[in-house]
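I opened the notebook to record what I looked up, entry by entry. The metal site comes before the helices and the single residues.

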Amino acid sequence: MGKYCFAADIGGTTIKLGLFSDAGDVLNKWEIPTNKEDGGSHILEDIAAAVKGEMETRKLTKDDVIGIGVGAPGPVDKDGVIHKAVNLGWGVLDISRELSALTGMTVKAGNDANVAALGEMWKGGGEGFKDLVVVTLGTGVGGGVIIDGKIVTGCMGAGGEIGHIHVEDEEDECCGCGNKGCLEQYASATGVVRLANRKLKTSSADSVLRSGEVNAKTVFDAVKAGDALAVEIAEEFGEYLGKGLANIACVTNPEVFVIGGGVSKAGTVIIDYVQKYYKKYVFHASREAKFTLATLGNDAGICGAAKLLFE
Ligand SMILES: [Zn+2]
């Protein structure tokens with residue numbers, strides 16, 4: 001049995017790679033560019049070459065390595081088949097079989113957000129828990145639902161797509177998915193900006209946000225400084241996300257919600273607003289769920305991809 005495993009977190013511009021020990025220590029991490037030419041057909045070859053190069057440098061043989069874990073941006077089913085990754089130009093692709101054929105090693109693959117959730121459970125903000133929901137507030141809202149230590153993948157790999165939970169009937173603009181009123185439209189970094197711009201338009205109140213750039217960071221900085229208009233924006237953000245998480249809790253009854261992504265860099269102030277509305281809407285038996293911040297940042301993906309091999 002090998003003692004090491006490789007991890008690859010495939011993004012639209014870079015592929016993050018890692019070499020892990022079986023104790024979960026990162027022995028090396030590096031990045032290569034994502035080559036999206038020819039419908040993304042060189043991506044797995046590039047990962048195979050990077051893995052082989054690292055093995056040569058460290059004089060590792062196949063017997064030393066358990067396999068390669070992969071996180072990919074699209075719905076990945078239990079067999080490691082991705083069903084369309086728009087960002088990479090991929091249609092349906094059997095990641096596990098193809099990368100295994102290139103390397104002769106075991107390959108396990110999952111959706112990038114789900115895999116990142118697994119990483120946070122293993123080594124991050126969800127460490128020590130087995131029933132958790134990881135929410136990533138980035139450009140969009142991603143997430144992973146873990147029940148009894150296992151990712152909820154679903155039949156097509158679209159489990160944990162919490163960004164597209166419906167939270168608003170009165171919405172005119174479309175979400176990236178084509179629907180209207182998705183959680184992502186209010187709780188992502190771009191969603192916070194949308195809420196802020198609407199508020200600035202409809203209110204005549206003075207605010208520091210009326211001068212300078214409006215983004216998730218400046219909004220929550222203003223909240224911390226006591227800006228009344230920014231506080232109203234944070235209340236709206238908290239109500240949408242709190243309501244969404246309360247709905248998830250009715251299905252999953254988690255021990256903890258782990259909040260990550262760029263928006264969460266504002267810190268525990270996020271949790272204050274989300275938890276307030278979570279408690280308002282949630283079913284009583286899930287009321288005491290904990291809220292923590294993710295701790296792994298950009299390493300959550302490779303960490304969770306490695307964990308796929310140690311399952
Ligand atoms: Zn949507």
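**Entry 1: the metal site**

What arrangement do the 4 donor atoms around the zinc ion make? I note beforehand that I am working with a predicted model.

I listed the ligands. H164 coordinates the zinc ion through ND1, and C175, C177 and C182 do so through SG. The distances run from 2.0 to 2.3 Å. Then I checked the angles. The donors subtend 106 to 118 degrees at the zinc ion, so the arrangement is tetrahedral. The rule asks for all angles between 85 and 135 degrees. For reference, the ideal angle for four tetrahedral donors is 109.5 degrees.

I also wrote down the spacing of the donors along the chain: H-x10-C-x1-C-x4-C.

Next I looked at accessibility for two of the cysteines. Is C175 buried or exposed? C175 has a relative accessible area of 7%, so I count it as buried. C177 has 38%, which makes it partly exposed. The cut-offs I used are under 20% for buried and over 50% for exposed.

**Entry 2: α6 and its partners**

I describe two packed helices by the angle between their axes and the distance between the axes.

I took α6 (residues 189–202) against α8 (residues 228–252). Their axes come within 10 Å and cross at roughly 135 degrees. That angle makes α6 oblique to α8. The crossing of α6 past α8 is right-handed. On the α6 side, the contact uses V192, L195, A196, K199 and L200. On the α8 side, I found L229, E232, I233, E236, F237 and Y240.

How far apart are the axes of α6 and α7? I read 8 Å, with a packing angle of about 60 degrees. Helix α7 covers residues 216–224. This pair is therefore oblique too: α6 and α7. A189, V192, V193 and A196 of α6 meet A216, V219 and F220 of α7.

I noticed that V192 and A196 of α6 appear in the contact with α8 and also in the contact with α7.

**Entry 3: α10 and its cover**

How many of the residues of α10 are buried? I counted 10 of 10 for this helix, residues 300–309. The buried set runs from A300 to L309, and K307 is among them.

I then asked what covers α10. The cover includes the strands β1 (4–10), β2 (14–21), β3 (26–33), β4 (65–72) and β7 (107–111). It also includes α4 (112–123).

I followed up on α4. The axes of α4 and α10 come within 7 Å and cross at roughly 85 degrees. The two helices are therefore roughly perpendicular to each other. From α4, the contact takes V115, A116, L118, G119, E120, W122 and K123. From α10, it takes A300, G301, C303, G304, A305, A306, K307 and L308.

**Entry 4: K16**

I located K16 in strand β2. Its C-alpha is 14 Å from that of C5, and the two residues are 11 apart in sequence. Leaving out residues up to four places away in sequence, K16 touches A7, A8, D9, W30, E31, N298 and I302. One of these, I302, is a buried residue of α10.

**Entry 5: T153**

Where does T153 lie? I found it in the loop between β10 (150–151) and α5 (184–187). T153 has a relative accessible area of 15%, so it is buried. Beyond four places in sequence, T153 touches V76, D77, K78, A158 and G159.

**Entry 6: positive phi**

I flagged two residues other than glycine. D38 has phi near 55 degrees. D38 sits in helix α1 (residues 37–40). Its relative accessibility is 56%, so D38 counts as exposed.

K59 has a positive phi of about 55 degrees. K59 sits in the loop between α2 (43–57) and β4. Its relative accessibility is 72%, so K59 is exposed as well.

**Entry 7: E288**

I placed E288 in the loop between α9 (268–281) and β12 (290–293). With a relative accessible area of 61%, E288 is exposed. E288 and E255 are 33 residues apart in sequence. How far apart are E288 and E255 in space? I read 8.1 Å, C-alpha to C-alpha.

Conventions:
Residues numbered from 1 in each chain as written. Predicted model: local features only at pLDDT ≥ 70, side-chain atom pairs only at ≥ 80, totals over all residues. Heavy atoms only, no water. Donors = N, O, S within 2.8 Å, 3.2 Å for Na, K, Ca; no water. Tetrahedral: all angles 85-135°; square planar, octahedral: opposite > 155°, others 65-115°. Buried < 20%, exposed > 50% of the residue type's maximum accessible area, 1.4 Å probe, protein only. Axes fitted to C-alpha atoms, helices over the stretch in contact; angles between N-to-C directions. Helix = DSSP H or I, 4+ residues; strand = E, 2+ residues; numbered from the N terminus. Parallel < 35°, antiparallel > 145°, perpendicular 65-115°, else oblique. Left-handed = near helix turned anticlockwise from the far one by under 90°. Contact = heavy atoms within 4.5 Å.
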